Amino acid sequence: SDSRLLLITPTYERLTRRPDLIKMKNTLGHLSDVLWILIEDGKSIDPYTEEWLREDPVVPFVYLAAETHVQFNRTHRGLDQRNAALDYIRDKKLHGVIYFADDDNAYDLGLFKALRGVRRLSLFDVGGIGRSGVEGPALDKDGAFARWVTSYAPGRRYPVDMAAFAFPSTYLFKNPDIRFKWETHGGQMETAFLTTVEKDPKNIDFIQELIDHVRVFHVKTKPIRTSYPKDWASLR
Ligand code: UDP
Ligand code: MN
């Protein structure tokens, strides 16, 4: 049977936040049986963002706040927010497939369709990154794992992007150690996290559909302005 999707999205005030979230909300509005867990990087949620989310809630959401430890905020972007969302899922005992969906990436609906079938930790490819423009597992002609396609730190056990994996929330209930850790080097966040989720690469699945076709792209949106005009706070 198809699973509910639990989508975890760290977000914070930057010039491209509203346009990024507009695109994301419109995408997620096509889905049913999904919970969008947004976590503001701050002491409290942003009232303009909350108002905008509420005015046309095309997707069920919760909007929480968790502030980043200041000394790490450029190297471990989104870490405290993702942990806060994992705590929320544990606390509310939410069942479903967990996916870390940053606020600025591009998501084809085919991604979510494929994620419904996730039964174990599952890995796939992400476009727009790496020397070849895509990163993640490559499969052989029988659909078995062949090699990692990656240019960044290829020695990592799971050399993949944050957007390259999903897993059922039952893993969280069984293992309290599953969380992102500050002591990890910034560039090792994914592999360190995944190693706590599943130590044996034999116990992971590779989603052929999301490897044959890239359905999620890592994107960096570039603002045209360098600052908000005064008194235009609602652009946030
Ligand atoms: N983010 C955050 N606080 C920050 C920087 C980033 O919550 O200080 C969020 C951001 O909104 C995004 C995720 O963390 O959902 C990853 O950040 P970003 O897109 O800047 O990183 P990159 O795409 O370069 O990995
Ligand atoms: Mn990003």
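Colleague: Where does UniProt place the "active site" feature?

Modeller: Keep in mind that we're looking at a predicted model. The annotation comes from an unreviewed UniProt entry, and the residue concerned is found in helix α6, residues 189-197. UniProt puts the feature at Glu190.

Colleague: Is Glu190 buried or exposed?

Modeller: Count the neighbours: 21 other C-beta atoms lie within 10 Å of Glu190. The cut-off for buried is 20 or more. So Glu190 comes out as buried.

Colleague: Which residues does Glu190 touch, leaving out those up to four places away in sequence?

Modeller: Glu190 belongs to helix α6. With the sequence neighbours set aside, the contacts are Tyr158, Val160, Asp161 and Met162.

Colleague: On to the sheet. Which strands are at the edges?

Modeller: Seven strands make up an open, mixed sheet, running β3-β2-β1-β4-β10-β6-β11. An edge strand here pairs on one side only, and that fits β3 (61-65) and β11 (205-206).

Colleague: In what sense do β1 and β2 pair, parallel or antiparallel?

Modeller: Residues 5-11 form β1 and residues 34-40 form β2, with seven bridges between them. Thr11 stands opposite Glu40 in β2. The sense of the β1-β2 pairing is parallel.

Colleague: And ligand 1: which element gives the most to the shell around it?

Modeller: There are 14 residues around ligand 1, with Pro10, Asp41, Arg77, Gly78 and Asp102 coming nearest. By type, the shell splits into two nonpolar, six polar and six charged residues. The biggest contribution, three residues, comes from β1.

Notes:
Residues are numbered from 1 along each chain as its sequence is written. Chains are lettered from A and ligands numbered from 1 in the order in which they are written. This is a predicted model: local features need pLDDT of at least 70, side-chain atom pairs count only at pLDDT 80 or more; totals for chains, interfaces and linings use all residues. Two strands pair if DSSP finds at least two bridges between them. Helices (H or I, at least four residues) and strands (E, at least two) are DSSP runs, numbered from the N terminus. UniProt positions are given in the numbering used here, feature names are shortened, and annotations may be inferred rather than shown by experiment. A residue is buried if 20 or more other C-beta atoms lie within 10 Å of its own, exposed if 12 or fewer, and partly exposed in between; C-beta atoms are placed from the backbone. Two residues are in contact if their C-beta atoms, placed from the backbone, lie within 7 Å. A residue is near a molecule or strand if its C-beta atom, placed from the backbone, lies within 6 Å of it. Ala, Val, Leu, Ile, Met, Phe, Trp, Tyr, Cys and Pro count as nonpolar, Asp, Glu, Lys and Arg as charged, and the others, Gly among them, as polar.
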